Amino acid sequence: MRVSCAKDWTPGKFPEDRTAAQRLCEWIDVGEGGLDAIDLDFTGADLSYGDFSESWFTDAKLVNARLVEAELYRSDAQGADFSGADLTGCSLVRVNLDDAVLRGTTIDQANLVKASLYDVDASGASCRGTQFMGASLLGVNLRSADLSNAVFQENSFQVTLDQNTKIEGASGSVFGPAVIVEEEGSRELSGAALEDWIKVKGGAIRVLTVDREV
């Protein structure tokens, strides 16, 4: 699809969906404010390096999209589908990702400080070196996810993990409990038990409890 826009920044690839492409072009021409992408289809688009601060990606479809080093500060992406997308180095500070789909998404080196992730499917996601400090992870599926060298700081960590979840080099502190899925079934771990499980897998994350001094 051939689309011309006035602003210096243009996407590496516009979405194939005509409505989404037109909305994106109009927003670029205006040159200010957030993008209203609610319910739009950005499948396969390359939005890398764009500044989408305070935009609305609510229920948008961003399957296999690229948002490498994009800025989404304080944006709303509730219910958005990022399956297979590449968000390497993306700024997701204070972004609402509740109910989002992050299956197989690459979020390496991304900044999710104080982001909200409630009931998120991040199974198979790559989060190597990702910063989760202060983010709320509640009901997040991290089975087969790669959290190598990820950084946490007093995060809510009510997540589901399994033997394929990689935690080597992950550091910081979290509040449990987490559900561990194993061949013989699942079990809930918190406190020292969860801390030990993480340690065996090469992580160095302190697991805090409500009455434990931090």
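**Group meeting: a walk through the fold**

Okay, so reading along the sequence, the pattern here is α-β-β-β-β-β-β-α-β. That's 2 helices and 7 strands, where helices (H or I, at least four residues) and strands (E, at least two) are DSSP runs numbered from the N terminus. Quick housekeeping: this is a predicted model, with local features needing pLDDT of at least 70 and side-chain atom pairs counting only at pLDDT 80 or more, while totals for chains, interfaces and linings use all residues. Residues are numbered from 1 along each chain as its sequence is written, and side-chain values use heavy atoms, with hydrogens and water left out.

Overall shape, then. The radius of gyration is 18 Å, close to the 17 Å from the globule rule for 214 residues, so the protein is as compact as a globular protein of that length. That radius is taken over C-alpha atoms, and the rule is 2.2 Å times the number of residues to the power 0.38. The C-alpha atoms fill a box of roughly 55 × 35 × 25 Å along the principal axes. Buried residues (under 20% relative accessible area; exposed is over 50%, partly exposed in between, 1.4 Å probe, protein chains only) make up 47% of the 214.

Now the inside. The largest nonpolar core has 65 residues, and Phe42, Phe52, Leu62, Phe82 and Leu142 have the most contacts inside it. By nonpolar core I mean buried Ala, Val, Leu, Ile, Met, Phe, Trp, Tyr and Cys joined through side-chain atoms within 4.5 Å. Elements giving two or more residues to this core include helix H1 (18–30), strand S2 (136–141) and helix H2 (191–200). H1 gives the most, with 6 residues. As for Leu62, if you skip residues up to four places away in sequence, among the residues it touches are Phe42, Leu47, Phe57 and Phe82; contact means heavy atoms within 4.5 Å.

Two loop residues to finish. Ser91 lies in the loop between H1 and strand S1 (116–118). Is Ser91 buried or exposed? Ser91 counts as buried because its relative accessibility is 14%. Its side chain makes a 2.9 Å polar contact with that of Glu71, meaning a pair of N or O atoms within 3.5 Å; within protein, one must be able to donate a hydrogen and the other to accept it, and residues adjacent in sequence count only if both atoms are side-chain atoms.

Gln163 lies in the loop between S3 and strand S4 (171–175), and at 45% relative accessible area Gln163 is partly exposed. Leaving aside neighbours within four places, Gln163 contacts Val181, Glu182, Trp197 and Lys201.
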